[in-house]
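The exercises below invite a reader new to this structure to work through the model step by step. Each one opens with a task sentence and is followed by a worked solution.

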Amino acid sequence: MSQKLFDMLQERGFVKDMTHPEQIKNLLNGDKKITFYLGIDPTADSLHIGHFFALRMFRHLQNAGHRGILVIGGATSLVGDPTGKSDMRKMLTKEQVQHNLEEVKQLAGHFVLPGTEIVNNADWINKFTYVDFMRLVCVHFNVNTMLASEAYARRRENGGLTFLEMGYMPMQAYDFVHLYNDKGCVLEIGGSDQWGNIVAGTELFRKMNLEQGNAKSEIYGLTSPLLMTADGKKMGKTEKGTLWVARDKTTPFDFYQYFYNTADENTELLLSLFTDIPMDEIKSMCKADIIAAKKRMAFEVTKLIHGHDLAQSAVDTAAALFGGGADMSNVPSAEIEMSGDMGVLDFLVATGLFPSKSEARRMVEQGGVQIDGDKITDIKYVVSPADEYMVQKGKKTFLKVIRK
């Protein structure tokens with residue numbers, strides 16, 4: 001007999017907080033199919049590993065037959081979520097948000113079922129006048145309650161909470177009300193950092209229903225824990241910055257290396273979250289050979305994001321680079337001046353790996369050059385600025401390139 005959905009999510013570490021524990025458990029373990037949603041604000045033109053964790057839970061619910069709606073926050077990202085921030089988020093222009101929205105929509109579409117409904121909350125938020133939104137929605141929000149929320153805690157402690165940021169919670173809360181009224185959506189999922197905003201949505205729904213004389217319907221919120229390392233640090237931060245899903249921001253090689261280099265204690269959790277391997281097999285795998293389990297975990301996570309071929313390329317590059325027991329300190333390094341984008345041939349000559357552009361061109365055309373685990377075959381390829389690169393020439397020559 002197959003495992004019930006909620007029981008599986010709980011066993012694999014996806015469940016943290018719930019607004020209505022018994023009702024949510026019964027809904028997800030039952031036969032009735034529901035409509036649920038996940039919101040993502042396009043504050044950058046890519047997704048990071050935290051988004052992907054939430055999308056994994058989204059996909060689990062879809063695989064069980066539930067209808068998922070992905071909400072991209074074209075309106076809320078213009079305000080900026082203050083949750084967990086000590087400083088006000090940098091305000092984005094409408095043009096930046098629109099660009100990010102299209103990029104995030106395309107990326108997220110790779111990890112949800114084909115045909116998933118993806119909507120923009122600007123489509124309903126922007127229909128309100130300011131006064132109408134204040135009268136319909138904000139009248140139900142108590143300022144003292146909002147200030148006590150964890151969502152505003154760090155901004156309040158630093159004495160810089162703005163009226164603009166106070167408007168974020170009512171906007172996100174109204175998303176849930178709108179999606180219930182328009183699409184019958186009864187469950188919002190998200191990371192535990194969104195708990196205050198999710199609860200605000202269920203409370204707004206309750207108060208608006210009471211105002212209209214209807215107290216029977218309910219909507220629910222379910223959060224997953226934030227991705228944390230075994231020593232309590234937020235997962236997804238590297239020496240180069242955020243661990244992005246887009247390969248032009250975090251290469252498949254760097255992505256693989258990040259997961260392979262995590263502490264042994266994180267391996268079981270990451271296998272449970274990012275693979276469908278049965279839990280008893282994961283436990284026995286980690287107990288029998290933790291190094292082999294970490295390699296399997298790093299490969300599976302990279303494959304999930306970048307596909308089998310790029311994941312295998314990352315494995316092969318790591319094996320060639322570190323297979324002889326070497327570490328990064330044993331790899332030769334070179335510094336280059338690089339103020340902006342650079343053509344790959346100029347880049348390769350600047351590293352000193354090739355004496356001329358003609359030799360670099362020949363090696364690129366023959367498929368003998370990799371940068372951060374990606375094989376480069378286009379002589380017009382453009383290398384974007386980064387703090388460092390791992391360049392491979394042929395099968396055995398590696399160079400760590402550091403940008404001054």
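## Exercise 1: The parallel sheet

Strand β2 (residues 67-72) is joined to β3 by 4 bridges, and the two strands run parallel. Starting from this pair in the predicted model, work out which strands make up the sheet and which helices lie on it.

*Solution.* Begin inside the pair, where Val-71 stands opposite Val-119 in β3. Next, widen the view to the whole sheet, which is open, has 5 strands in the order β3-β2-β1-β4-β5, and is paired in parallel. The edges are held by β3 (117-120) and β5 (220-224), and because each of them has a single partner strand, one side of each is left without a neighbour in the sheet. Ignoring direction, neighbouring strands of this sheet are turned by 30 degrees against each other on average.

Then add the helices. Helix α3 lies across β1 (35-40), β2, β4 (185-191) and β5, and it runs at about 165 degrees to β1. Helix α11 also packs on the sheet, where it touches β4 and β5, and its direction makes about 170 degrees with that of β5.

## Exercise 2: Two residues in helices

Decide for Thr-202 and for Leu-164 whether each is buried, partly exposed or exposed, and list what each one touches.

*Solution.* Thr-202 has its place in helix α11 (residues 195-211). Its relative accessibility is 9%, and because buried means under 20%, Thr-202 counts as buried. Leaving aside residues up to four places away in sequence, Thr-202 touches Thr-19, Phe-176, Ile-219, Tyr-220 and Gly-221.

Leu-164 is found in helix α9 (residues 163-166). With a relative accessibility of 32%, which lies between the limits of 20% and 50%, Leu-164 counts as partly exposed. With residues up to four places away again left aside, Leu-164 touches Val-79, Met-88 and Met-91. As for Leu-147, 17 residues apart from Leu-164 along the chain, the C-alpha atoms of the two are separated by 14 Å.

## Exercise 3: An enclosed helix

How many of the 8 residues of helix α13 (residues 267-274) are buried, and which elements do they pack against?

*Solution.* The count of buried residues is 6 of the 8, so helix α13 is largely enclosed by the rest of the structure. These buried residues are Thr-267, Leu-270, Leu-271, Ser-272, Leu-273 and Phe-274, and they pack against α3 (49-63), α12 (252-260), α14 (279-288) and α15 (290-306).

Now look at one of these neighbours in detail. The axes of α13 and α15 come within 10 Å and cross at roughly 35 degrees, and the crossing of α13 past α15 is left-handed. In this pairing, Thr-267, Leu-270, Leu-271 and Phe-274 of α13 meet Ile-290, Ala-293, Lys-294, Met-297, Val-301 and Leu-304 of α15.

## Exercise 4: The mixed sheet and its helices

Find the order and the edges of the sheet that contains β14, and then describe how helix α17 is placed against the sheet and against helix α18.

*Solution.* This sheet is open, with 5 strands in the order β8-β14-β13-β10-β11 and mixed pairing. At its edges are β8 (333-336) and β11 (374-375), each of which pairs on one side only.

The mixture can be followed through β14 (residues 397-403). With β8, strand β14 pairs in the parallel sense over 4 bridges; here Ala-334 stands opposite Val-401, and Ile-336 stands opposite Arg-403. With β13, strand β14 pairs in the antiparallel sense over 6 bridges, and Lys-393 has Thr-397 as its bridge partner in β14.

Helix α17 (residues 344-351) lies across β8, β10 (369-371), β13 (388-393) and β14, and it runs at about 120 degrees to β8. The axes of α17 and α18 (residues 357-365) come within 9 Å and cross at roughly 115 degrees, in a right-handed crossing. Where the two helices meet, Leu-345, Asp-346, Leu-348 and Val-349 in α17 face Lys-357, Ala-360, Arg-361 and Val-364 in α18.

## Exercise 5: The chain as a whole

Why can the protein chain be called as compact as a globular protein of its length?

*Solution.* The chain has 18 helices and 14 strands. Its radius of gyration is 24 Å, close to the 22 Å that the globule rule gives for 404 residues, so the chain is as compact as a globular protein of that length. Buried residues make up 49% of the 404 residues.

Conventions: Residues numbered from 1 in each chain as written. Predicted model: local features only at pLDDT ≥ 70, side-chain atom pairs only at ≥ 80, totals over all residues. Heavy atoms only, no water. Pairing = 2+ DSSP bridges. Contact = heavy atoms within 4.5 Å. Axes fitted to C-alpha atoms, helices over the stretch in contact; angles between N-to-C directions. Rg over C-alpha atoms; globule rule 2.2 N^0.38 Å. Buried < 20%, exposed > 50% of the residue type's maximum accessible area, 1.4 Å probe, protein only. Left-handed = near helix turned anticlockwise from the far one by under 90°.
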